[in-house]
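Visitor: I would like to learn how to read a structure like this one, feature by feature. Could you take me through it slowly, with the general idea first wherever there is one?

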Amino acid sequence: MKINEIYNLAIEMGIKADFRGEEGVRKFLENKRKQYEKLNQKEKEEFDPEALKNPYLDSRIYHIADDKEIKRALVGIDVEPAEILLAKEIGSADSGIDLIIGHHPRGKGLAHLADVMELQCDVLNFYGVPINIAEGLMKEKIEEVARQTNTANHQRTVDAAKIMKLNLMNSHTPCDNLAAKFLKNLIEQEEPERIGELMDLLKEVPEYKEAMKIGAGPKIFVGAPENRCGKIALTEITGGTEGSPKLYEKMANAGIGTVIGMHISEEHKKQAEESNINVVIAGHISSDSLGMNLFLDELEKQGIEIIPCSGLIRVSRVK
Ligand SMILES: [Fe+2]
Ligand SMILES: [Fe+2]
């Protein structure tokens, strides 16, 4: 497989696992096209054309130094200049790294992180929060994230890849979609009644089992093992980054009893507590690993060797 094929596969898999459904994603892109058509010529020139075909602008190809057949990829959760140097170092020791794949966005992917957050409105709506409320509360948060990511040194890692002449891409929301879908299926299949049962279920997932060995396994942040789960929502696994803390009250009103997330801030935890919503934090890097692994398995099937780094807990489900 070549880099573009690998990249397109990630996007395709992300769409298939998307809470909006393929039709919902199509509508999202259609809406982008309508917005584009309303722009004047100058604004059109400033518009990122990728937005018309890719619903996940936080996932990009950053640099193609050599468009070769990919046989070996170095894959990490956070790819920074250290990982670029690592790839170079491995390369000088043996047959080399053909492609570096990160999870968290860099470069223009990071600059566009806020763009994928609209997905959270649809996920919340899927679990019963009225779309107007989800959109109203998320709007503020999306703007806040756009301002925050604006402070970053976006191109630092990309520059390192260019200097070292290494291929670089990332897959963020497509892989988080895969993790969310995996967990949703698991919960629907097993229907845990109490938080303790939900915890036991999560602890059976190999990535979380591995994370437990270093003390980063699933944890109950709000609630207790004997609490009933009620309706379990996967509202905090995919969609860029954390949503609005004001949403918990609305989620409680929509009948959600338990939220499974990757990570949670103190402010969010406080609001969840006040709304009597149980919060189970599955784990950040372990959940990111789960989503990446489901994608990487497809690359492994194509004969690509995966070398994990930067926190990636590589578990292959290829039999
Ligand atoms: Fe993630
Ligand atoms: Fe993450």
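Visitor: Which protein donors hold the iron ion (ligand 2)?

Guide: Please keep in mind that this is a predicted model. To find the donors of a metal, one looks for N, O and S atoms within 2.8 Å of the metal. For the iron ion (ligand 2), the protein donors are His-104 (NE2), His-284 (NE2) and Asp-288 (OD), and they lie 2.1 to 2.2 Å from the ion. Along the chain, these donors follow the spacing H-x179-H-x3-D.

Visitor: Why are His-284 and Asp-288 separated by about one helical turn?

Guide: His-284 and Asp-288 are 4 residues apart in helix 14, and therefore about one helical turn separates them. Their accessibility can be read as well: His-284 counts as partly exposed because its relative accessibility is 28%, whereas Asp-288, at 1% relative accessibility, counts as buried.

Visitor: What are the protein donors of the iron ion (ligand 1)?

Guide: The iron ion (ligand 1) has His-103 (NE2), Asp-176 (OD), Asp-176 (OD) and Asp-288 (OD) as its protein donors, lying 2.0 to 2.5 Å from the ion. The spacing of these donors along the chain is H-x72-D-x111-D. Asp-288 bridges the iron ion (ligand 1) and the iron ion (ligand 2), and the two ions lie 3.2 Å apart. The pair His-103 and Asp-288 links distant parts of the chain, since His-103 sits in the loop between strand 3 (99-102) and helix 5 (107-111), while Asp-288 belongs to helix 14 (residues 284-301), 185 residues away. Both His-103 and Asp-288 are buried.

Visitor: How should I read the angles among the 4 donor atoms of the iron ion (ligand 1)?

Guide: As a general idea, four tetrahedral donors ideally make angles of 109.5 degrees at a metal. To count as tetrahedral here, four donors need all angles between 85 and 135 degrees. At the iron ion (ligand 1), the angles among the 4 donor atoms run from 55 to 148 degrees, and the site is irregular.

Visitor: Let us turn to the sheet; in what order do its 5 strands stand?

Guide: The 5 strands form an open sheet in the order 1-4-3-2-9, with mixed pairing. Strand 1 (61-63) and strand 9 (305-309) stand at the edges and have a single partner strand each, so one side of each is left without a neighbour in the sheet. On average, neighbouring strands of this sheet are turned by 25 degrees against each other, direction ignored.

Visitor: Which strands of the sheet run parallel, and which antiparallel?

Guide: Strand 1 and strand 4 (residues 168-170) run antiparallel and are joined by 2 bridges, with His-63 standing opposite Leu-168 in strand 4. Strand 3 and strand 4, by contrast, run parallel and are joined by 3 bridges, and here Gly-102 stands opposite Asn-170 in strand 4. Strand 2 (residues 72-76) also pairs with strand 3 in the parallel sense, over 4 bridges, and Ala-73 stands opposite Leu-99 in strand 3.

Visitor: Are the faces of strand 3 covered or open?

Guide: Both faces of strand 3 are covered, for Leu-99 and Ile-101 on one side and Ile-100 and Gly-102 on the other are all buried.

Visitor: How do I find empty space, and what volume does the largest pocket have?

Guide: The general idea is that rolling a probe the size of a water molecule over the atoms shows where empty space is left. In this structure the largest pocket has a volume of about 430 Å³. It is lined by 27 residues, of which His-104, Leu-113, His-172, Gly-240 and Thr-241 are the closest to its centre. Helix 8 (156-163), strand 6 (231-236) and helix 14 each supply at least two residues of this lining.

Visitor: And what lines the largest cavity?

Guide: The largest cavity holds about 60 Å³ of space, and its lining includes Gln-120, Thr-235, Glu-236, Tyr-248 and His-268. Helix 12 (247-253) gives the most to the lining of the largest cavity, with 3 residues. Strand 6, which also supplies at least two residues there, is mostly covered, as 5 of its 6 residues are buried.

Note on methods: Residues numbered from 1 in each chain as written. Chains lettered and ligands numbered in written order. Predicted model: local features only at pLDDT ≥ 70, side-chain atom pairs only at ≥ 80, totals over all residues. Heavy atoms only, no water. Tetrahedral: all angles 85-135°; square planar, octahedral: opposite > 155°, others 65-115°. Buried < 20%, exposed > 50% of the residue type's maximum accessible area, 1.4 Å probe, protein only. Pairing = 2+ DSSP bridges. Axes fitted to C-alpha atoms, helices over the stretch in contact; angles between N-to-C directions. 1 Å grid on protein atoms, 1.4 Å probe; cavity = no way out; pocket = protein on both sides within 12 Å on 5 of 7 lines; lining within 4 Å. Points joined across faces, edges and corners; volume = space filled by probe spheres on them.
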